[in-house]
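User: I want to see how the labels in this model are justified. Take me through the reasoning, one label at a time.

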Amino acid sequence: MGGSTEASALARALAGDARFAATLSLAGRTSAPATPPVALRLGGFGGVAGLVDHLRATGIAALVDATHPFAARMRAHAAEAAEQARVPRLAILRPPWRAELGDRWTHLADSTALAGALAGPPRRVFLAIGQQEAARAALPPGHFYLIRSIEPPDPALLPPGARSLLGRGPFALADEIDLLRSHRIDTLVAKNSGGAATAAKLEAARLLGIEVLLIARPPAPPPPLVADAEAALAWLARLHAERSARGV
Ligand code: NAP
């Protein structure tokens with residue numbers, strides 16, 4: 001189950017490995033996902049029951065939940081469905097970002113806390129939380145908003161005067177600094193996704209002394225958990241060896 005850097009890395013590792021026949025599952029949110037080197041299936045399953053049916057119908061022997069740390073619903077469904085279908089499941093959860101010297105971070109429990117955090121005088125805000133979250137956040141008017149997303153946001157859901165910027169990571173530090181400077185941004189809003197691909201904006205904010213409103217992660221999925229694709233491959237290799245020893 002993908003939609004993350006780790007899922008793409010695992011798909012690459014499994015593609016050339018004769019022990020496995022892998023399928024990458026994507027929600028289908030982005031209109032032009034990169035073609036993976038393994039089989040691809042697109043779209044939701046129809047909740048836990050749909051995923052249980054899918055696991056049974058396809059005879060899937062192992063499920064790796066490599067969805068994004070903020071894809072809480074899919075992660076919960078994957079854990080529940082794997083248990084019901086008795087399919088071994090592992091979740092990849094990359095470590096969150098941690099504040100460093102010079103960071104000016106305010107931690108928010110979720111995106112609904114943004115409206116309160118942005119109460120007060122006008123600010124110039126860079127939102128790097130994706131269009132879905134930006135639409136959910138009920139952003140208060142009166143600020144300048146620059147909203148970066150992979151897919152264009154629905155203009156009806158954005159506050160007046162918001163500017164849309166399309167972009168897909170990874171982002172380079174020099175470009176992030178240019179962006180923050182050229183739009184005279186004084187507040188960066190980000191989700192604590194962790195990982196390298198989108199970390200440059202936080203480094204740019206630190207270097208420019210810009211305040212960051214950082215949205216905390218939803219609760220982690222149940223164990224077992226690993227931090228990266230390499231550890232997930234090791235888990236799959238162990239599972240494969242056990243099954244081979246049992247003659248399955
Ligand atoms: P979500 O709220 O946890 O999931 C909503 C529904 O989308 C799920 O219940 C499931 O539908 C479907 N779905 C999600 N991931 C799927 C997958 N890999 N394969 C098939 N169906 C999937 O997820 P989200 O936050 O909208 O994220 C959607 C996708 O974008 C995820 O795959 C995630 O890895 C990726 N992504 C998310 C973020 C983020 O910040 N949330 C950032 C980058 C990438 P059914 O209930 O019908 O099965």
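Analyst: Start with the helices. H1 passes H8 in a right-handed crossing. This is a predicted model.

User: Why is H1 called oblique to H8?

Analyst: Look at the angle. The axes of H1 (residues 5–15) and H8 (residues 229–245) cross at roughly 45°. Angles under 35 degrees count as roughly parallel, and 65 to 115 as roughly perpendicular. The value of roughly 45° falls in neither range, so H1 is oblique to H8. The axes come within 9 Å.

User: Which residues make the contact of H1 with H8?

Analyst: H1 brings Glu6, Ala9, Leu10, Ala13 and Leu14. H8 brings Ala229, Ala232, Leu233 and Leu236. By class, that contact has eight nonpolar residues, no polar ones and one charged. Glu counts as charged, so Glu6 is the charged one.

User: What makes H6 oblique to H7?

Analyst: Again, the angle. H6 (residues 173–182) and H7 (residues 200–208) pack at about 55°, with axes 8 Å apart. Roughly perpendicular begins at 65 degrees and roughly parallel ends at 35. That leaves oblique for H6 and H7. Their crossing is right-handed.

User: What is in the contact of H6 with H7?

Analyst: From H6 come Leu173, Glu176, Ile177, Leu180 and Arg181. From H7 come Ala200, Lys201, Glu203, Ala204, Ala205, Leu207 and Leu208. The classes are eight nonpolar, no polar and four charged. Glu, Lys and Arg count as charged, so the four are Glu176, Arg181, Lys201 and Glu203.

User: How do you know that H2 and H3 are oblique to each other?

Analyst: The axes of H2 (residues 47–58) and H3 cross at roughly 50° and come within 8 Å. That angle is not under 35 degrees and does not reach 65, so the pair is oblique. The crossing of H2 and H3 is right-handed. In contact are Gly47, Val48, Leu51, Val52, Leu55 and Arg56 of H2. H3 answers with Met74, His77, Ala78, Glu80, Ala81, Ala82, Gln84 and Ala85. These residues divide into nine nonpolar, three polar and two charged.

User: Why is Gly47 of that contact put with the polar residues?

Analyst: The class list decides. Gly is placed among the polar residues, so Gly47 goes there.

User: What makes you say that a charge sits over the ring of Phe144?

Analyst: The charged end of Arg124 is 4.0 Å from the centre of that ring. The distance limit is 6 Å, and the direction must also lie within 35 degrees of the ring normal. Arg124 is listed as sitting over the ring of Phe144. Likewise, the charged end of Lys191 sits over the ring of Phe70, 5.1 Å from its centre.

User: How many aromatic pairs does the structure hold?

Analyst: Zero. To pair, ring centres must lie within 6.5 Å.

User: Where are the cis peptide bonds at Pro170 and Pro224?

Analyst: One joins Gly169 and Pro170, with omega about 5°. Pro170 lies in the loop between strand E8 (163–166) and H6. The bond from Pro223 to Pro224 is also cis, with omega near 5°. Pro224 lies in the loop between strands E10 (211–215) and E11 (225–226).

User: Why is Arg86 worth a remark for its positive phi?

Analyst: Most residues other than glycine have a negative phi. Arg86 is not a glycine, yet its phi is about 55°. Arg86 is found in the loop between H3 (72–85) and strand E4 (89–92).

Conventions. Residues are numbered from 1 along each chain as its sequence is written. This is a predicted model: local features need pLDDT of at least 70, side-chain atom pairs count only at pLDDT 80 or more; totals for chains, interfaces and linings use all residues. Side-chain values use heavy atoms; hydrogens and water are left out. Rings of Phe, Tyr and Trp (its six-membered ring) pair if their centres lie within 6.5 Å; planes under 30 degrees apart count as stacked, over 60 as edge-to-face and the rest as tilted. Axes are lines fitted to C-alpha atoms, for helices over the stretch in contact, and angles run from 0 to 180 degrees between N-to-C directions. Helices (H or I, at least four residues) and strands (E, at least two) are DSSP runs, numbered from the N terminus. Angles under 35 degrees count as roughly parallel, over 145 as roughly antiparallel, 65 to 115 as roughly perpendicular and the rest as oblique. A crossing is left-handed if the near helix is turned anticlockwise from the far one by less than a right angle, and right-handed if clockwise. Contact means heavy atoms within 4.5 Å.
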